[in-house]
Amino acid sequence: MTDIKGLCEPRFAAVRAALAALFGKDDVGASVAVYLDGEPVVDIWGGYADADRSVSWERDTLTGVNSTTKNMTALCALILADRGQLDLSAPVAAYWPEFAVAGKENVLVRHVLSHTAGLPDLSGLKAVEDLYDWQSVTAGLAAQAPEWEPGTAAGYHALTFGFLVGEIVRRITGRSLGEFFAEEVAKPLGADFHIGLCAEHDRRVAPLIPPPSLTEEYASSVPPGPDGTRREYTGAAVRVRDANSVAWRRAQIPAVNGFGNARSVALVQSVLANQGSAGGVRLLSPQGCEPAWQEVFRGEDRVLQSPISWTVGFGKFGSTFGWGGWGGSLVASDPDSRMTVAYVMNQMMDRDQQEDNRGLEIIMAAYSGLQ
């Protein structure tokens, strides 16, 4: 029986039970947090930080959350929009003049945030190491032609999302996305989440563990469509060993290389579910939160090859919005209930091999605590 530590209010006992069940099944180490009205009602963790199960997962253990990072990057854009420094309906080129070439003159900021900009891939990406050169990647995106007329279709911008939003943030503020997030979001909230991880935190990192029967060569991929086909992609694939590397931690890849735990993920995102504030700290106005759940696109996503609803920066699922990461991490916020739920783990699952409902089970357990 895995020992689960931390805070869990009695009415959310089902969340603790759900995490315990996951440890009895698939999970090695994990953390779960639920925030209500910007305050923690569940903050629990347990298991091990390594595949050998020799190092305990502690309160301050961090791990890579992959695309769950996109939620943090989107929040940075919404904060700038709320401050009047960024117009979500303006052309990207208003902030990034070099972008206005090759048919991208009418790409709007909200197109970038809603995966409808037509730039789902980085052309010419041959090695993961290429992602570590911010200037080269953003210059390439500025020169690239869109795959479709911007705003008319959606296609998940798995890696490009962070470079596009991050460069807009950099042009406005003079700071990298990671620096802006650290200074304007993490520091005021006291949130232990990092986009670009300093060496001082390495000792706290729980490496990602490949899915059962797979090795660290296991690479991210787009799931097959309903007919079993995959969207063609010829660029470099990110492997588990890349995501576990020191170079990856130090880089700025704000679509995918955030490090945190469920507490920090839920704390940050609870700002949007709680009308702009959490723990007594206000980051944006109630009105400034609304684009997070206002639908921009609904339909078939050309990359994911499945129906989806995209808002300004998030996926929308019924009354909730948020997004998850490769391998299983997840955050979901419900502005009607003012609740945010996060699940962060080190044991990855391969959706091609088996269904991964771990995060969903945690979310459903959290909803039972509201009744």
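How many disulfides does the structure hold? The count is 0 in this model, which is a predicted one. A disulfide is a covalent bond between the sulfur atoms of two cysteines. Cys-198 takes part in no disulfide, and the nearest cysteine sulfur, that of Cys-76, lies 16 Å away. Cys-289 is likewise in no disulfide; for Cys-289 the nearest cysteine sulfur is again that of Cys-76, at 14 Å. A disulfide would need the two sulfur atoms within 2.5 Å.

Are these two cysteines buried or exposed? Cys-198 counts as partly exposed, because its relative accessibility is 43% and the partly exposed class runs between 20% and 50%. Cys-289 has a relative accessible area of 0% and is buried.

**Strands 1 to 3**

Strand 3 covers residues 39-47, and 7 of its 9 residues are buried, so the strand is mostly covered. Strand 3 pairs with strand 1 (residues 4-8) in the antiparallel sense, over 5 bridges. Within that pairing, Ile-4 has Gly-46 of strand 3 as its bridge partner. Strand 3 also runs antiparallel to strand 2 (residues 29-36), to which 8 bridges join it. Here Val-34 stands opposite Val-42 of strand 3.

**Strands 12 to 14**

Strand 13 (residues 330-334) is mostly covered, with 4 of its 5 residues buried. On one pairing, 4 bridges connect strand 13 to the antiparallel strand 12 (residues 320-324), and Gly-322 faces Ala-332 of strand 13. Another pairing joins strand 13 to strand 14 (residues 339-345) by 5 bridges, also antiparallel. In that pairing the bridge partner of Asp-334 is Met-339 of strand 14.

**Hairpins**

Strands 2 and 3, strands 12 and 13, and strands 13 and 14 each form a hairpin with a positive-phi residue in the turn.

| Hairpin | Residues between the strands | Turn residue and its phi |
|---|---|---|
| Strand 2 and strand 3 | 2 residues | Asp-37, about 55 degrees |
| Strand 12 and strand 13 | 5 residues | Gly-327, about 105 degrees |
| Strand 13 and strand 14 | 4 residues | Arg-338, about 55 degrees |

**An open sheet**

Strands 4, 6 and 5 form an open sheet of 3 strands, in the order 4-6-5, with antiparallel pairing. Strand 4 (63-64) and strand 5 (194-195) are the edge strands; each has a single partner strand, so one side of each lacks a neighbour in the sheet. Strand 4 and strand 6 (residues 258-260) run antiparallel and are joined by 2 bridges. Thr-63 stands opposite Gly-260 of strand 6.

**Helices 4 and 5**

Two packed helices are described by the angle between their axes and the distance between the axes. For helix 4 (residues 134-143) and helix 5 (residues 160-173), the axes come within 10 Å and cross at roughly 100 degrees. Helix 4 is therefore roughly perpendicular to helix 5, since angles of 65 to 115 degrees fall in that class.

Which residues make the contact? From helix 4 they are Trp-134, Val-137, Thr-138 and Leu-141. Helix 5 contributes Thr-160, Gly-162, Phe-163, Leu-164, Gly-166, Glu-167 and Arg-170. By class, the contact residues of the two helices divide into 5 nonpolar, 4 polar and 2 charged.

Notes. Residues numbered from 1 in each chain as written. Predicted model: local features only at pLDDT ≥ 70, side-chain atom pairs only at ≥ 80, totals over all residues. Heavy atoms only, no water. Pairing = 2+ DSSP bridges. Buried < 20%, exposed > 50% of the residue type's maximum accessible area, 1.4 Å probe, protein only. Axes fitted to C-alpha atoms, helices over the stretch in contact; angles between N-to-C directions. Parallel < 35°, antiparallel > 145°, perpendicular 65-115°, else oblique. Contact = heavy atoms within 4.5 Å. Nonpolar A, V, L, I, M, F, W, Y, C, P; charged D, E, K, R; others polar.
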